[in-house]
Amino acid sequence: MTYYNPEPPYTHGSQPKVGILLANLGTPDAPTAKALRPYLQQFLMDRRVVEIPRFIWCWILHCIILVIRPKKSAEKYASVWTDQGSPLMVYAQQQKTLLQQSLAKHINSPFAVELGMTYGNPSMKSAIESLKAQGCDRILVFPLYPQYAASSTAAALDAVWRVLLKMRNVPAIRTIKHYHDHPLYIQALASHIKAYWQQHGQPEKLVMSFHGVPKFHLMKGDPYHCECHKTARLLAEALGLNKEQYQVAFQSRFGRQEWLQPYLANTLDALGKQQVKRIDVVCPGFSSDCLETLEEIAMEGKHLFQSVGGGEYHYIPALNSEPVWLEAMRDIALEHLQGWVSNEFDLKKAEIEAQESKHRALELGSNQ
Ligand SMILES: C=CC1=C(C)c2cc3[nH]c(cc4nc(cc5[nH]c(cc1n2)c(C)c5CCC(=O)O)C(CCC(=O)O)=C4C)c(C)c3C=C
Ligand SMILES: [Fe+2]
Ligand SMILES: [Fe+2]
């Protein structure tokens, strides 16, 4: 018996391979209360997500939330579930495949891409083990969250570290903290929105909605709020919008604490009551559509806005597997892979080094 997990066998002289680990939140395996319970339990037991003292929180979670919420959430998931599964999973798998194909045209040295979820499946453990089994000894962790938040990005990184803690041969790790102001991300969002407007016309107001977090996270130094606002400002500039033409809001409040304001529900209520003729809602913080965008924004939001007198309501889909976004993802990854992946010349050098190290190993063997 050993504390550490089994390792793939070490081979002398193998060419170092780079792994790109796309890290996302995770989603239940099925839109049922049975599948929601373990997913919500894992999610809501994470201290990064809920910081209430454990002895109080365990009681609230197990005696109230996990009794009521799985059924309610399952109904919501069922309304957006596709034949291929949960939208978040479908898009994340597409992003993984397309990124692999796109990188293959730019990287000459061996590499692999895997998808790992902070909660649920495919787990971070399975993704890292798969990368190691493919021979990766350097891993770039690429969280699919443009804005850094302790409750999303750091939670994903924690899940990575937890796997490494049980590993004997730990790979070299690089992480992408955020890309909320990266010109390629902003450009991808802007051209995606412009393409939507070319097809459907332009609204009176663009609402940029970001996932909320408790307000105290901001007060205690989490940069998420500021990064959302920076994304919004840069996106508005790229779209040529003035301050009257767009608004920022925060969605998906959970529990009774104060969360980042303004709440999306209040914003939609106010705009509806002002009888705004048309609003478009976009969620720049979500790299793919999921429960929060398809149910809360596209369905609930529309109902809320129109039930108080609002006019036309459009939800602009997330970037998902749009080519502009895949190109941006590829280039952001390449920036962080500098020195780890090679062009033609470096490949030759690596081949020579591998040959030399094989010879050295053979010599060492014959000397013993
Ligand atoms: C309890 C507090 C929560 C915090 C803090 C939080 C932060 C946070 N979440 C995302 C992205 C997503 N969250 C999603 C679902 C979801 N979020 C919470 C709670 C918190 N999130 C819950 C309980 C759920 C599950 C659904 C439900 O029961 O309401 C999703 C969608 C997942 C899917 O399967 O489609 C995403 C994406 C971010 C980016 C974030 C911090 C910035
Ligand atoms: Fe969330
Ligand atoms: Fe701020």
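Leaving aside its neighbours within four places in sequence, which residues is Ala232 in contact with? The points below work towards that residue through the two domains of this predicted model.

1. Domain division. The chain splits into domain 1, made of 17-179 + 323-348, and domain 2, made of 183-315. Taken over C-alpha atoms, the centres of domain 1 and domain 2 are separated by 24 Å. Contact between them involves 24 residues of domain 1 and 23 residues of domain 2. On the side of domain 1 that touches domain 2, the elements giving two or more residues are H2, H3, H5 and H11. The residues on that side comprise 16 nonpolar, six polar and two charged.

2. The sheet S2-S1-S3-S4. Four strands form an open sheet in this order, with parallel pairing. The edges are held by strand S2 (111-117) and strand S4 (172-175); each has a single partner strand, so one side of each has no neighbour in the sheet. From one strand to the next the twist averages 25°. Strand S3 (residues 136-143) runs parallel to S4 and is joined to S4 by four bridges. Within this pair, Arg138 is placed opposite Ala172 in S4.

3. Helices on that sheet. Helix H4 (residues 124-133) packs on the sheet and touches strand S1 (17-24), S2 and S3. The direction of H4 makes about 170° with that of S2. Helix H5 (residues 150-164) lies across S1, S3 and S4, and runs at about 160° to S3.

4. Helix H3. This helix covers residues 87-104, and its 18 residues should span 26 Å at 1.5 Å a residue; the end C-alpha atoms are 26 Å apart, so the expected span and the model agree. The buried residues of H3 include Pro87, Leu88, Met89, Val90, Tyr91 and Ala92 at its start, and also Gln95, Lys96, Leu99 and Leu103. A charged side chain, Lys96, is thus listed among the buried residues of H3. The buried residues of H3 pack against S1, helix H2 (54-80), S2, helix H10 (291-307) and helix H11 (323-336).

5. The sheet S6-S5-S7-S8. A second open sheet is formed by four strands in this order, and the pairing is parallel. Strand S6 (246-251) and S8 stand at the edges with a single partner strand each, so one side of each is left without a neighbour in the sheet. The twist from one strand to the next averages 25°. Six bridges link strand S5 (residues 205-211) to S6, and the two run parallel. Phe210 stands opposite Phe250 in S6. Helix H9 (residues 264-273) packs on the sheet, where H9 touches S5, S6 and S7, and the direction of H9 makes about 140° with that of S6.

6. The S8 edge. Strand S7 (residues 278-282) is joined to S8 by four bridges, and the strands run parallel. Arg278 stands opposite Glu312 in S8. Strand S8 (residues 312-315) has a covered face with Tyr313 and Tyr315, while Glu312 and His314 are on the uncovered face. Glu312 therefore appears twice here: as the residue opposite Arg278, and as part of the uncovered face of S8.7. Helix H8. Ala232 sits in helix H8 (residues 224-239). At 1.5 Å a residue, the 16 residues of H8 should span 22 Å; the end C-alpha atoms lie 22 Å apart, which agrees. The buried residues of H8 are Tyr224, His225, Glu227, Cys228, Thr231, Ala232, Leu234 and Leu235. An α-helix has 3.6 residues a turn, so residues three or four places apart point the same way. The buried residues of H8 pack against helix H6 (183-200), S5, helix H7 (215-219) and S6. Just after H8, Gly240 takes a positive phi of about 70°.

8. Ala232. Ala232 counts as buried because it has 23 C-beta neighbours inside 10 Å, the cut-off for burial being 20 or more. Leaving aside neighbours within four places in sequence, Ala232 is in contact with Met208 and Val248, which answers the opening question. Ala232 and Tyr77 are 155 residues apart in sequence, and their C-alpha atoms are 28 Å apart in space.

Technical notes. Residues numbered from 1 in each chain as written. Chains lettered and ligands numbered in written order. Predicted model: local features only at pLDDT ≥ 70, side-chain atom pairs only at ≥ 80, totals over all residues. Pairing = 2+ DSSP bridges. Axes fitted to C-alpha atoms, helices over the stretch in contact; angles between N-to-C directions. Contact = placed C-beta atoms within 7 Å. Expected span 1.5 Å × (residues − 1). Buried ≥ 20, exposed ≤ 12 C-beta atoms within 10 Å, placed from the backbone. Domains from an automatic or database assignment. Nonpolar A, V, L, I, M, F, W, Y, C, P; charged D, E, K, R; others polar.
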